[in-house]
Protein chains: 2
Amino acid sequence: MEQNKIPQATAKRLPLYYRYLNNLSNQGKNRVSSRELSEALKVDSATIRRDFSYFGALGRKGYGYNVEYLLGFFRKTLDQDELTEVALIGVGNLGTAFLHYNFLKNNNTKIVMAFDADSSKVGTDIGGVPVHHIDQLEEKMEGVSVAILTVPVSEAQAMTNRLADFGISGILNFTPSRITVPSDIRVHHIDLAIELQSLVYFLKHYPLKA
Amino acid sequence: MEQNKIPQATAKRLPLYYRYLNNLSNQGKNRVSSRELSEALKVDSATIRRDFSYFGALGRKGYGYNVEYLLGFFRKTLDQDELTEVALIGVGNLGTAFLHYNFLKNNNTKIVMAFDADSSKVGTDIGGVPVHHIDQLEEKMEGVSVAILTVPVSEAQAMTNRLADFGISGILNFTPSRITVPSDIRVHHIDLAIELQSLVYFLKHYPLKA
């Protein structure tokens with residue numbers, strides 16, 4: 001498929017473009033320049049123009065891009081119409097924050113269930129999402145192939161192994177642990193401590209000019 | 001300075017390398033191959049070798065890299081000995097998760113104070129960090145130049161403007177809002193919804209093989 005020719009770096013920016021263009025459309029804007037997009041999204045305009053060219057979207061000088069055309073394209077590309085159901089594993093503070101975060105608002109993803117071992121949480125609804133006991137994971141997750149991992153670091157690998165045995169396709173890992181998975185499982189890892197340390201490193205070594 | 005010649009992509013991986021090598025050292029390991037590092041960190045080994053070569057660290061065939069040499073180098077590079085104090089703005093679920101997360105364990109960053117408008121939180125300690133009223137921000141933040149932003153999206157830009165007026169250097173933005181700042185302020189943005197959507201997009205369009 002042609003879609004597979006999109007560079008991964010470009011693919012990573014698609015959800016960002018989609019969301020912003022959706023906001024513009026909601027505000028009644030019909031067109032947008034790469035410069036405006038660049039300022040709003042903090043992506044340089046040459047990158048935006050190159051990214052868009054992969055989709056056959058060519059901006060016109062003095063006009064920019066047609067918002068609805070781009071949106072239609074991105075919507076199709078991102079499969080906005082097809083909902084992906086997601087399970088959240090670990091209802092601590094971070095997990096609870098996710099459950100309250102309305103993923104469905106601009107997206108095609110929805111957390112449909114959560115798991116925890118704490119009996120005071122099991123049986124409750126948080127942000128409209130039912131919390132099941134972790135012992136019921138395999139039974140309840142039937143048909144769900146993506147998980148957000150927000151368990152304590154000490155349980156990260158054991159829970160990952162269990163998800164792998166279950167047949168998970170993708171894990172969004174928010175634990176500091178670099179989990180190991182079989183090669184057919186995709187893991188995206190967001191390490192909060194490293195994000196912070198990286199910002200501090202950049203501040204020290206790549207100071208910005210006013 | 002020579003450090004400024006390190007490519008940004010390499011610089012971004014430094015905290016990751018540092019943390020892992022620190023763990024190896026704690027376990028008493030003296031050497032490590034780029035293949036082992038690659039498997040543990042999910043970074044390909046050619047990239048690791050190229051990254052390390054920027055620091056003058058050249059692995060030896062059949063030996064690999066000397067852990068202590070690398071650690072010494074990274075420690076110096078990441079200014080591990082110099083602590084950066086950070087303020088957290090917004091003590092909701094996500095903010096609370098950060099306060100409980102022990103950033104200091106492997107890092108040179110520490111959340112030293114938090115701010116919220118909720119009087120039931122003000123005056124408490126969460127994870128050992130005092131929570132002040134948001135009205136005291138400018139007074140209490142004297143000397144602190146990095147902030148983690150975990151306020152509701154509706155308050156993100158107004159709070160950013162206030163931090164900019166105060167003279168902040170860097171913001172780690174966890175709100176879904178793409179905040180606008182003057183050009184001398186560095187913002188790293190982590191959008192949880194987009195991270196999830198991006199994972200789902202990759203799963204659909206770049207399936208992995210077993």
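Two strands pair if DSSP finds at least two bridges between them. The model used in these exercises is predicted.

**Exercise 1. Strands β3 and β7**

Find how many bridges join strand β3 of chain A to strand β7 of chain A, and state whether they run parallel or antiparallel.

*Solution.* Start with the two stretches: β3 covers residues 84-89 of chain A, and β7 covers residues 146-149 of chain A. Four bridges join them. The cut-off is at least two, so the strands count as a pair. They run parallel. For one example, take A:Ile89: its bridge partner in β7(A) is A:Leu149.

**Exercise 2. The sheet and its edges**

Give the strand order of the open sheet in chain A, then say which strands stand at the edges.

*Solution.* The sheet has seven strands, with mixed pairing. Read across, the order is β5-β6-β4-β3-β7-β8-β9. The edges are β5 (125-126) and β9 (186-189) of chain A. Each has a single partner strand, so one side of each has no neighbour in the sheet.

**Exercise 3. A helix across the strands**

Which strands does helix α7 of chain A lie across, and at what angle does the helix run to β7(A)?

*Solution.* Locate the helix at residues 156-166 of chain A. Helix α7 lies across β3, β7 and β8 (170-173) of chain A. The angle to β7(A) is about 175 degrees.

**Exercise 4. Salt bridges in chain B**

Compare where the partners sit in two salt bridges, B:Asp51 with B:Arg13 and B:Arg35 with B:Glu39.

*Solution.* Side chains of opposite charge can pair when their charged atoms come close. Take B:Asp51 and B:Arg13 to begin: N to O is 2.6 Å. This pair links distant parts of the chain, 38 residues apart. B:Asp51 lies in helix α3 (residues 45-53) of chain B, and B:Arg13 in helix α1 (residues 8-26) of chain B. Now check exposure. B:Asp51 has a relative accessible area of 0%, so it is buried. B:Arg13, at 18%, is buried as well, because the cut-off is under 20%.

Turn to B:Arg35 and B:Glu39, at 3.2 Å, N to O. They are four residues apart in helix α2 (residues 34-41) of chain B, which means about one helical turn separates them. Both residues are exposed.

**Exercise 5. A salt bridge in chain A**

Which residue forms a salt bridge with A:Lys29?

*Solution.* The partner is A:Glu36, with the closest N and O atoms 2.7 Å apart. A:Lys29 is partly exposed at 28% relative accessible area. A:Glu36 is partly exposed too, at 30%. Over all chains, the whole structure holds 10 salt bridges.

Key
Residues are numbered from 1 along each chain as its sequence is written. Chains are lettered from A and ligands numbered from 1 in the order in which they are written. This is a predicted model: local features need pLDDT of at least 70, side-chain atom pairs count only at pLDDT 80 or more; totals for chains, interfaces and linings use all residues. Side-chain values use heavy atoms; hydrogens and water are left out. A salt bridge is a side-chain nitrogen of Lys or Arg within 4 Å of a carboxyl oxygen of Asp or Glu. Buried means under 20% relative accessible area, exposed over 50%, partly exposed in between (1.4 Å probe, protein chains only). Contact means heavy atoms within 4.5 Å. Axes are lines fitted to C-alpha atoms, for helices over the stretch in contact, and angles run from 0 to 180 degrees between N-to-C directions.
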